[in-house]
Amino acid sequence: MTDTVKPVATWRKVLAAILDFVTVFFGGGYAIGYLTGSVTAEGFKLEGMPALVLFALLIIYFVAGSKYLGGTIWQRILYTH
């Protein structure tokens, strides 16, 4: 017997992408800010190289999660049926 795979609803894909971006942006941004001394009372303020590191982290997260790890965190949570 073969199992048919139902396609993932578009709203789940969009929600997963938004939640992944927010999670990595704020989690990674705060971590990088903490390590570089860029944490402020309002959160974090990244400029120059730390901001580029956060941008690279976002790209690596989405590429590695999608290609090599079987999905990002929120894809794994929201795509399960």
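**Helix α2 and its surroundings**

Tutor: In this predicted model, Met49, Leu52, Phe55, Ile60 and Lys67 of helix α2 are exposed, on the side of the helix away from its buried residues.

Student: Which residues of α2 are buried?

Tutor: Pro50, Leu54, Leu58, Tyr61 and Gly65 are the buried ones, and they pack against α1 and α3 (73-79).

Student: What makes these buried residues line one face of the helix?

Tutor: Viewed along the axis of α2, the buried residues fall within an arc of 100 degrees, and therefore they line one face. An α-helix has 3.6 residues a turn, so positions three or four places apart point the same way.

Student: How do you know what span is expected of α2?

Tutor: The expectation rests on 1.5 Å a residue, which gives 27 Å for this helix of 19 residues, and the 26 Å from its first C-alpha to its last is close to that.

Student: How do α1 and α2 pack, and at what angle?

Tutor: Helix α1 (residues 10-36) and helix α2 (residues 49-67) pack at about 145 degrees, their axes being 9 Å apart, and α1 passes α2 in a right-handed crossing. The contact involves, among others, Phe21, Phe25 and Ile32 of α1 together with Leu54, Leu58 and Tyr61 of α2, and its residues comprise twelve nonpolar, three polar and one charged.

Student: Why is Gly43, in strand β2 (residues 43-44), called partly exposed?

Tutor: Gly43 has a relative accessible area of 21%, whereas buried would require under 20% and exposed over 50%, so Gly43 falls in between and is called partly exposed.

How values were computed. Residues are numbered from 1 along each chain as its sequence is written. This is a predicted model: local features need pLDDT of at least 70, side-chain atom pairs count only at pLDDT 80 or more; totals for chains, interfaces and linings use all residues. Side-chain values use heavy atoms; hydrogens and water are left out. Axes are lines fitted to C-alpha atoms, for helices over the stretch in contact, and angles run from 0 to 180 degrees between N-to-C directions. Helices (H or I, at least four residues) and strands (E, at least two) are DSSP runs, numbered from the N terminus. A crossing is left-handed if the near helix is turned anticlockwise from the far one by less than a right angle, and right-handed if clockwise. Contact means heavy atoms within 4.5 Å. Ala, Val, Leu, Ile, Met, Phe, Trp, Tyr, Cys and Pro count as nonpolar, Asp, Glu, Lys and Arg as charged, and the others, Gly among them, as polar. Buried means under 20% relative accessible area, exposed over 50%, partly exposed in between (1.4 Å probe, protein chains only). The expected span of a helix is 1.5 Å times one less than its number of residues. The arc is that of the directions from the helix axis to the C-beta atoms.
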